[in-house]
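Got your viewer open? Load the structure below and keep your selection tool handy.

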Amino acid sequence: MAATIALSNQKGGVGKTTSAYVLASVFKSKGYRVLAVDMDPQGNLSFSMGAETDGCATIYDVLKGELKPKYAVQKSSLVDLIPSNILLSSIELEFTGARREFLLKMALDSLKPYYDYIFIDSPPALGILTVNAFTAADYILMPMLSDIFSLQGIMQLNETIERVRSYCNPDIKVLGAFLTKHNPRTRFSREVEGTLNMVAADLDFPVMNAYIRESVALREAQSLQKSVLEYAPACNAVKDYEKLADELFQRGLEANG
Ligand SMILES: Nc1ncnc2c1ncn2[C@@H]1O[C@H](COP(=O)(O)OP(=O)(O)OP(=O)(O)O)[C@@H](O)[C@H]1O
């Protein structure tokens with residue numbers, strides 16, 4: 001049975017998609033069966049993975065109940081993926097029924113026996129799509145930049161997590177936050193890191209020791225729709241995501257068995 005991890009932060013551009021894409025690839029390279037789910041209507045994860053998104057089944061069809069989840073899974077040399085496209089953005093208005101927070105959970109439950117890990121990429125907002133991601137998830141992992149807006153974002157995110165814990169998913173665990181595009185050599189980055197550690201201690205979640213450095217090769221791989229593990233296996237970002245994966249296991253991430 002798969003463990004499900006939602007990458008989330010309502011601030012845009014902090015590395016949610018990139019982290020879902022590289023962590024999923026790193027886990028696959030370790031021999032695990034991995035599914036990635038694109039819950040962002042921007043469809044960037046789907047693009048990075050070279051998936052089809054037009055005129056094909058997407059997570060939108062699944063959430064609408066028009067398609068069995070297994071028929072929306074696209075197999076690729078990278079990892080399996082349920083793609084999304086801009087249609088997903090209409091869900092806020094379209095889905096007003098009771099238990100609309102549970103649509104993704106119900107869909108993924110039927111796929112869990114076939115995978116060890118499921119990574120969900122969430123949109124940069126705290127609406128119904130993110131609530132669905134948290135309701136379906138066993139774990140939340142929060143990428144963030146070393147800037148002051150990311151810190152504010154983490155506090156708002158924590159309120160949403162607490163609401164989901166109270167109403168939809170009492171068992172959800174916060175794996176923690178980690179810094180992306182980080183340069184520990186600048187004084188400002190170190191200061192923000194210090195403040196993040198204080199905020200995290202206050203909110204009772206860990207900050208990962210592993211952080212992700214800026215990497216041009218990673219950007220290139222994404223734009224070429226290639227796996228960065230094949231395109232630039234020795235680049236800093238791959239090494240950093242491998243360290244992050246190891247730390248997640250050390251901190252208690254496990255397949256649900
Ligand atoms: N370690 C890195 N080094 C260099 N560029 C990076 C790194 N991580 C992410 N990026 C780039 O930063 C941009 C934003 O990253 P990404 O799309 O992963 O963020 P996001 O949080 O998912 O964004 P959104 O909120 O729009 O969904 C992308 O152009 C991506 O290629």
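This tour goes from the ligand outward to a salt bridge. One thing to keep in mind as you click: you're looking at a predicted model.

**Stop 1: the ligand.** Select the ligand and show the protein around it as a surface. Where does the ligand sit? You'll find it in the largest pocket.

**Stop 2: the neighbours.** Now show the residues around the ligand; there are 19 of them. The ones that come nearest are Lys16, Thr17, Thr18, Ser215 and Gln222. Try colouring this shell by class: four residues are nonpolar, eight are polar and seven are charged. Next, switch to cartoon view and pick out helix H1 (16-29) and helix H9 (216-223), since each of these supplies at least two residues of the shell.

**Stop 3: three side chains.** Zoom in on Gln222 and look for an N or O atom of its side chain that is 2.6 Å from an oxygen atom of the ligand. Do the same for Lys16, where the distance from a ligand oxygen to a side-chain N or O atom is 2.8 Å. Then click on Lys181, whose side chain has an N or O atom 2.9 Å from an oxygen of the ligand. How much of the ligand does the protein cover? On its own the ligand has 630 Å² of accessible area, and the protein covers 86% of that.

**Stop 4: a salt bridge.** Leave the ligand and select Arg213 together with Asp240. These two form a salt bridge, with their closest N and O atoms 2.9 Å apart. The pair links distant parts of the chain, 27 residues apart: Arg213 is in the loop between helix H8 (187-203) and H9, while Asp240 is in helix H11 (residues 236-250). Want to hunt for others? The count of salt bridges comes to 13.

Notes. Residues are numbered from 1 along each chain as its sequence is written. This is a predicted model: local features need pLDDT of at least 70, side-chain atom pairs count only at pLDDT 80 or more; totals for chains, interfaces and linings use all residues. Side-chain values use heavy atoms; hydrogens and water are left out. A residue is near a molecule or strand if one of its heavy atoms lies within 4 Å of it. A polar contact is a pair of N or O atoms within 3.5 Å; within protein, one must be able to donate a hydrogen and the other to accept it, and residues adjacent in sequence count only if both atoms are side-chain atoms. Accessible areas come from the Shrake-Rupley method with a 1.4 Å probe; for residues, only the protein chains shown count as cover. On a 1 Å grid over the protein atoms alone, a cavity is a set of points where a 1.4 Å probe fits but cannot get out, and a pocket is an open set with protein on both sides within 12 Å along at least five of seven lines; lining residues have an atom within 4 Å of a point. A molecule sits in a cavity or pocket if more than half of its atoms lie within 2 Å of its grid points. Helices (H or I, at least four residues) and strands (E, at least two) are DSSP runs, numbered from the N terminus. Ala, Val, Leu, Ile, Met, Phe, Trp, Tyr, Cys and Pro count as nonpolar, Asp, Glu, Lys and Arg as charged, and the others, Gly among them, as polar. A salt bridge is a side-chain nitrogen of Lys or Arg within 4 Å of a carboxyl oxygen of Asp or Glu.
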